[in-house]
Amino acid sequence: MSPDSNPIEQMWDQLVRAIAVRRGIQKQVDLMPAVMEEWDNIPQFHVQRLIRSMHSRCDNIISASGEAT
């Protein structure tokens, strides 16, 4: 019930935003290489920050008895 508690959702959001500002993606065949390149460009510190935030995310879900946080 708390999709924002899932860090992959934030990763997807960052990826979608990076793809949205790219130029030259006019065909579906152009999309996959762009997605892979932007995925590789996500800073590792961002990924690590999301991983470290899992403890507090879980605490929030427990405090909310599993309801939306």
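A nonpolar surface patch is made of residues with over 30% relative accessible area and no salt bridge, whose nonpolar side chains are joined within 5 Å. In the predicted model examined here, a patch of this kind is made by Ile8, Trp12 and Trp39, and its area is about 290 Å². Ile8 lies in helix 1 and is partly exposed, with a relative accessible area of 34%. Trp12 is likewise partly exposed, at 43% relative accessibility, and Trp39 is partly exposed at 36%. Because membership of a patch requires over 30% relative accessible area, the value of 34% for Ile8 satisfies this condition, as does the value of 36% for Trp39 and that of 43% for Trp12.

Two members of the patch also take part in an aromatic interaction. A pair of aromatic rings is described by the distance of the centres and the angle of the planes. A search of the whole structure finds one aromatic pair. This pair is formed by Trp12 and Trp39, with 6.0 Å from centre to centre and 45° between the planes, and its geometry is tilted. Trp12 belongs to helix 1 (residues 7-20) and Trp39 to helix 2 (residues 28-41), so the pair ties together parts of the chain that are 27 residues apart in sequence. The term tilted applies because the angle of 45° is neither under 30 degrees, as stacked rings would require, nor over 60, as edge-to-face rings would require.

Charged side chains were examined next. The count comes to three salt bridges. One of them joins the side chains of Asp13 and Arg17, at 2.9 Å from N to O. Asp13 and Arg17 are four residues apart in helix 1, and therefore about one helical turn separates them. The partners differ in their exposure class: Asp13 is partly exposed, with a relative accessible area of 38%, whereas Arg17 is exposed, with a value of 56%. Arg17 is placed in the exposed class because its 56% is over the limit of 50%.

Arg22 takes part in a network of salt bridges that links this residue with Glu37 and Glu38. In the bridge between Glu37 and Arg22, the side chains meet at 3.5 Å, N to O. This pair links distant parts of the chain, since Glu37 is in helix 2 and Arg22 is in the loop between helix 1 and helix 2, 15 residues apart. In the bridge between Glu38 and Arg22, the closest N and O atoms are 2.8 Å apart. Glu38 also lies in helix 2, so its pairing with the loop residue Arg22 ties together parts that are 16 residues apart in sequence. Within the network, Arg22 is partly exposed, with a relative accessible area of 25%, and Glu37 is partly exposed at 42%. Glu38, by contrast, counts as buried at 15% relative accessibility, because buried means under 20%.

A further buried residue is found in helix 3 (residues 44-52), where His46 lies. The relative accessible area of His46 is 13%, and the residue is therefore classed as buried, being under the limit of 20%. Leaving aside neighbours within four places in sequence, His46 is in contact with Met11 and Gln14.

Conventions: Residues are numbered from 1 along each chain as its sequence is written. This is a predicted model: local features need pLDDT of at least 70, side-chain atom pairs count only at pLDDT 80 or more; totals for chains, interfaces and linings use all residues. Side-chain values use heavy atoms; hydrogens and water are left out. Helices (H or I, at least four residues) and strands (E, at least two) are DSSP runs, numbered from the N terminus. Buried means under 20% relative accessible area, exposed over 50%, partly exposed in between (1.4 Å probe, protein chains only). Contact means heavy atoms within 4.5 Å. Rings of Phe, Tyr and Trp (its six-membered ring) pair if their centres lie within 6.5 Å; planes under 30 degrees apart count as stacked, over 60 as edge-to-face and the rest as tilted. Patches are made of residues with over 30% relative accessible area and no salt bridge: like charges are joined within 9 Å, nonpolar side chains (Val, Leu, Ile, Met, Phe, Trp, Tyr) within 5 Å. Accessible areas come from the Shrake-Rupley method with a 1.4 Å probe; for residues, only the protein chains shown count as cover. A salt bridge is a side-chain nitrogen of Lys or Arg within 4 Å of a carboxyl oxygen of Asp or Glu.
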